[in-house]
Amino acid sequence: MTQSVPETFKGFGVDKKENWNKPKLVEYKHKQINPHDIVLENEACGLCYSDIHTLQSNWGPYNRNDLVVGHEIVGKVIAVGSAVTQFKVGQRVGIGAGNSACRECGRCNHDNEQYCKKMAGTYNNVDPRSNGYVTQGGYSSHSIADEQFAFAIPESLPSTAAAPLMCAGITVFSPLIRNLGKDAKGKTVGIIGIGGLGHLAVQFANALGAKVVAFSRSSAKKEQALKLGAHEFVATGEEKDWTSKYDDEFDFILNCASGIDGLNLSDYLSVLKVDSKFISVGLPPAKEQFGVSPFTFLKNGVAFGSSLLGSKTEVTEMLRLAAENDIKPWIEEVPISEENCSKALERCVAGDVRYRFVFTEFDKAFN
Ligand code: NDP
Ligand code: ZN
């Protein structure tokens, strides 16, 4: 291991949910560097709606009072643990929402490490392999992750474009590839919620060859969704009879919405073909729930499920497909600072971003 890791890291942290939109510069002791860990000096980090759900305590309490979020991280490796084989100091690497796992169970050994029962997330998670350290995210000077949860960034991809692929990209790519396979020609796919995840889902589903129908609550994003690769667009709040047009049409529907108050699940289930699936990667606040009865699924024998991130193998496949098809997130770059974190978090809640904020200029903020 090299000696260049500072004893403390700096980041923009929040103490309690009432201050979710007021991150302050904090300094904290970093997690221990385990044998398979790599240490990054961060360069860019995307703003995922999960950051907001976490900061607003929509899913549960804070596990520390200087909580730094951010899990679409790209940076340069400055140190590697004694057992690291995949990365070298100086390499450009990304880290997503997963941080480490047990490395021993069947899930870890069969390309499902994101589902390891002992997986620790990138922030606000207790890491059982690091004396219960509560992990800290990427609105920060440095990050530490197990090499299984770190991804080499192709040279052709700028850090700011790579960052959103580390969470938003892989989260939509994994269920698309698992449900459609590599060739989705002849299949019709619905993507609900054209935000950070959804705008990448539209691009990936199109690249896999599917006919893509984008669902949004209003028609405001219609032109852009078609430009992203949607073949058709439905403004669900404005076209009340859209289900009759799409009867028996969908092979797969992927829900990328961050809430459910604008989403009628039975409408979507009713337009699926027999035996097909509705997968929700979108995660609303824990108290919001879909109201469904078995009868909702009965008429076409459809299934409802969810999906978490994606495996390292799938990230590699995603980066290849993205390079081949010039798939890139549409981003707004923001120099990281207390004020800009605050503004970006508030604008994301207001739906005022097309389609991902990416924080930059980390060297200026933390030196
Ligand atoms: P964004 O805010 O960028 O996009 C979410 C989109 O959802 C909005 O653009 C909007 O689309 C739609 N939407 C917002 N509010 C509602 C509502 N109340 N009812 C219906 N639709 C709504 O969020 P992200 O793309 O960053 O994240 C989306 C979701 O995915 C979040 O819940 C996040 O926590 C979750 N997530 C899940 C992961 C997983 O592993 N399963 C990983 C990463 C994120 P439109 O304007 O088109 O209607
Ligand atoms: Zn995320």
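1. Helix 4 (196-207) lies across strand 12, strand 13 (211-216) and strand 15 of this predicted model, and runs at about 170 degrees to strand 12. Helix 4 also takes part in the surroundings of the ligand, since it is listed among the helices that each supply at least two residues of the shell around ligand 1.

2. The strands just named belong to an open sheet of six, ordered 14-13-12-15-16-17 and paired in parallel. At the edges stand strand 14 (232-235) and strand 17 (303-306); each has a single partner strand, so one side of each is left without a neighbour in the sheet. From one strand to the next, the twist averages 20 degrees.

3. Within this sheet, strand 12 (residues 188-192) is joined to strand 15 (residues 250-255) by four bridges, and the two run parallel. Here valine 189 stands opposite phenylalanine 252 of strand 15. Helix 3 packs on the sheet and touches strand 12, strand 15 and strand 16 (272-280), with a direction at about 165 degrees to that of strand 15.

4. Strand 15 is also joined to strand 16, in this case by five bridges, and this pair likewise runs parallel. Leucine 254 has isoleucine 279 in strand 16 as its bridge partner. Is strand 15 mostly covered or mostly exposed? Strand 15 is mostly covered, five of its six residues being buried.

5. Ligand 1 is surrounded by 33 residues, of which the closest are Tyr49, Gly193, Gly195, Ser216 and Gly259. By class, the shell comprises 16 nonpolar, 14 polar and three charged residues. Helix 1 (49-55), helix 3 (159-180) and helix 4 each contribute at least two residues to this shell.

6. On the domain level, the protein chain is divided into domain 1 (8-157 + 328-366) and domain 2 (169-306). The C-alpha centres of the two domains lie 28 Å apart. Their contact takes 11 residues from domain 1 and 10 residues from domain 2. On the side of domain 1 that touches domain 2, six residues are nonpolar, three polar and two charged.

7. Which domains provide residues for the shell around ligand 1? Domain 1 and domain 2 do, with at least three residues drawn from each. Any account of the ligand's surroundings should therefore be read with both domains in view, as the shell draws on each of them.

Conventions:
Residues numbered from 1 in each chain as written. Chains lettered and ligands numbered in written order. Predicted model: local features only at pLDDT ≥ 70, side-chain atom pairs only at ≥ 80, totals over all residues. Near = placed C-beta within 6 Å. Nonpolar A, V, L, I, M, F, W, Y, C, P; charged D, E, K, R; others polar. Domains from an automatic or database assignment. Contact = placed C-beta atoms within 7 Å. Pairing = 2+ DSSP bridges. Axes fitted to C-alpha atoms, helices over the stretch in contact; angles between N-to-C directions. Buried ≥ 20, exposed ≤ 12 C-beta atoms within 10 Å, placed from the backbone.
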